[in-house]
Amino acid sequence: MNIALLGYGKMGQIIESLATQAGHQIVFKSTSNKSEGDLHLADVAIEFSTPEAAPNNLKRCFEAQIPVVCGTTAWLDHWDEIIAHCTAQQGALLYASNFSIGVQIFFEMQRHLSQIMCRQKAYKISIQESHHTQKKDAPSGTAITLAEITLDTSNYNKWVLGEAQNEDELPIQAIREPNIPGTHKVFYQSAIDQITIEHKAHSREGFASGALLAAQWLIGKTGIYSMKDVLHLSDNKHP
């Protein structure tokens, strides 16, 4: 397949390496400062840029009738606008806060466990995420997805970054240290014991390979999708 890379940071470079090893062609690359190649030659675009650049990058793809896989986080306050634009242009968007297959399974584990544990009032839930110091957003998009899953399946009403002040608040702790690709933990803590589930990424290659898998799947489709569709997991109408 012919691929456009919108954003050419560390993730874009890893995707390029894996794509070329698999025999795919990178026909367009862009950053905030420059671009090379021809976007219109692309069968699909993979977007890993910045929260500021992502909405316009997505609109550009819709208008060019190029399906786009997006892994940029912290832009979802524009979600309704982007979905409306995609629909109007009969475009295709596949968004995920994390393209790792292991993380997608981790999400499903959390969905199931939260449904069970919401009936156990003695347990308090909290989330912890750890990433490299270059990560710009906190909490991570993956932690927010975990929190939204928990809100949908428990008695918590909102998530907060830091310590919870009220019983209905789900706390998220964000840790930034060098050389951490990404670790996420969900704690179920009671006075007598603790249950912990954890996903630990060893490298960024899992995210990149998942994005390539999603890109291959999206070609020829229109509409709004998530990794749940790619992996045939349970339905989820919000990213």
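Ala92 stands opposite Gly223 in strand 12. That pairing is a good place to enter this predicted model. Strand 6 covers residues 92-95. It runs parallel to strand 12, and 3 bridges join the two.

Now widen the view to the sheet. Strands of a sheet pair through backbone hydrogen bonds, either parallel or antiparallel. Here 7 strands form an open sheet, and the pairing is mixed. Read across, the order is 3-2-1-4-5-6-12. Strand 3 (35-37) and strand 12 (223-225) stand at the edges. Each has a single partner strand, so one side of each is left without a neighbour in the sheet. Neighbouring strands are turned by 20 degrees against each other on average, direction ignored.

Next, look at what covers the strands at this end. Helix 3, residues 79-88, packs on the sheet. Helix 3 touches both strand 6 and strand 12. Its direction makes about 145 degrees with that of strand 6.

Step back to the whole chain. The protein chain has 7 helices and 12 strands. Its C-alpha trace spans about 60 × 40 × 30 Å along the principal axes. How does the radius of gyration fit a compact globule? With 239 residues, such a globule would have a value near 18 Å; the chain has 18 Å, so the two agree.

Contacts and surface complete the picture. Among contacts with a separation of 6 or more, 64% come from residues 24 or more positions apart. Of the 239 residues, 48% count as buried. The accessible surface comes to about 11700 Å². Carbon and sulfur atoms hold 49% of that surface.

Note on methods
Residues numbered from 1 in each chain as written. Predicted model: local features only at pLDDT ≥ 70, side-chain atom pairs only at ≥ 80, totals over all residues. Heavy atoms only, no water. Pairing = 2+ DSSP bridges. Helix = DSSP H or I, 4+ residues; strand = E, 2+ residues; numbered from the N terminus. Axes fitted to C-alpha atoms, helices over the stretch in contact; angles between N-to-C directions. Contact = heavy atoms within 4.5 Å. Rg over C-alpha atoms; globule rule 2.2 N^0.38 Å. Buried < 20%, exposed > 50% of the residue type's maximum accessible area, 1.4 Å probe, protein only. Areas by Shrake-Rupley, 256 points an atom, 1.4 Å probe, with all protein chains shown as cover.
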